[in-house]
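Work through the exercises below with the sequence and the coordinates at hand. Each task is followed by a solution in steps.

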Amino acid sequence: MTMVLYDMAASPNAKRARLGLLESGAEFESREVNLMAGEQKTDEYKKIHPLGRVPVLDDGGTIVWESGAILLYLADKFPDAGLIPKDLATRGQVYQWLTFGETSIHGYMGPMGFQMFRRAPDKRDEATLARGRQRMPEVLAVLDRQLEGKDYIVGDFSIADCACAPWLELTEFFGIETPGLDNFEAWMKRMQARPSWKG
Ligand SMILES: N[C@@H](CCC(=O)N[C@@H](CS)C(=O)NCC(=O)O)C(=O)O
């Protein structure tokens, strides 16, 4: 049975899951949920995601939500797709950086995204934006150091890259400064050049 991704093209969290699916090579159907129209808050939709959010993966009736969990599920389901390395030490690194994407990156950029995309410019909470602009450079510097001498976060491409890159594409738009982070910039370009990025 074809997997279904409850998706939204402009959502970085949904993009994480979509990248994992496209990189897995598996067939899936992307079903667009119109967040602006409130489709995620209907009783029907909340049967598959009780908080009313995207993404959600439906794999023949097995429902998984939380983009990080979807990525881990896909890595387990498709062990030969190159989504996660086989040795435990490097897997531990993937778990760490995937969680870094959900906490250190999304922790600042998620609330910034809400202000930038869901609020009119004159109604934005400037304190939320200022906090992200102040704290994200350190987060990015840590990632930049990790990427020194590597093409991807743990060396080879993995779901850690899928978890971190979608929000980071928005740094400039959110007014976060990234001067001199050459490893980060090169990695971002590498991610954007993968066929899955446009998919
Ligand atoms: N931690 C969740 C976050 C999901 C999330 O917040 N998704 C946003 C889109 S980027 C959403 O669906 N928002 C709809 C709403 O809150 O009404 C994940 O990674 O899947």
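**Exercise 1. Find how far apart the domain centres are, and describe the side of domain 1 that touches domain 2.**

Solution.
1. The centres of domain 1 and domain 2, taken over C-alpha atoms, are 20 Å apart. The bounds, from an automatic or database domain assignment, are 3-77 for domain 1 and 88-198 for domain 2.
2. Count contacts, that is, residue pairs whose C-beta atoms, placed from the backbone, lie within 7 Å. Across the boundary, 11 residues of domain 1 touch 10 residues of domain 2.
3. Assign the domain 1 side to elements: α1 (12-24) and α3 (67-77) each give two or more residues. The largest share, 7 residues, belongs to α1.
4. Sort that side by class: 6 nonpolar, 2 polar and 3 charged residues. Here Ala, Val, Leu, Ile, Met, Phe, Trp, Tyr, Cys and Pro are nonpolar, Asp, Glu, Lys and Arg are charged, and the others, Gly among them, are polar.

The model is predicted; local features need pLDDT of at least 70, side-chain atom pairs count only at pLDDT 80 or more, and totals for chains, interfaces and linings use all residues. Residues are numbered from 1 along each chain as its sequence is written.

**Exercise 2. State the order of helices and strands in the protein chain, and test its radius of gyration against the globule rule.**

Solution.
1. Take DSSP runs, numbered from the N terminus: helices are H or I with at least four residues, strands E with at least two. The protein chain has 8 helices and 4 strands.
2. Their order along the sequence is β-α-β-α-β-β-α-α-α-α-α-α.
3. The rule, 2.2 Å times the number of residues to the power 0.38, is compared with a radius over C-alpha atoms. For 199 residues a compact globule would have a radius of gyration near 16 Å, and the protein chain has 17 Å, so the two agree.

**Exercise 3. Which residues are around the ligand, and what is the backbone geometry at P55 and E66?**

Solution.
1. Select residues whose C-beta atom, placed from the backbone, lies within 6 Å of the ligand. The selection is S11, P12, N13, L35, Q40, G52, R53, V54, P55, E66 and S67, of which 4 are nonpolar, 5 polar and 2 charged.
2. P55 sits in the loop between α2 (43-46) and β3 (56-59). The V54 to P55 peptide bond is cis, with omega near 5°.
3. E66, in the loop between β4 (62-65) and α3, is not a glycine, yet has a positive phi of about 85°.
4. For comparison, most residues other than glycine have a negative phi, and most peptide bonds are trans.

Note on methods:
Contact = placed C-beta atoms within 7 Å.
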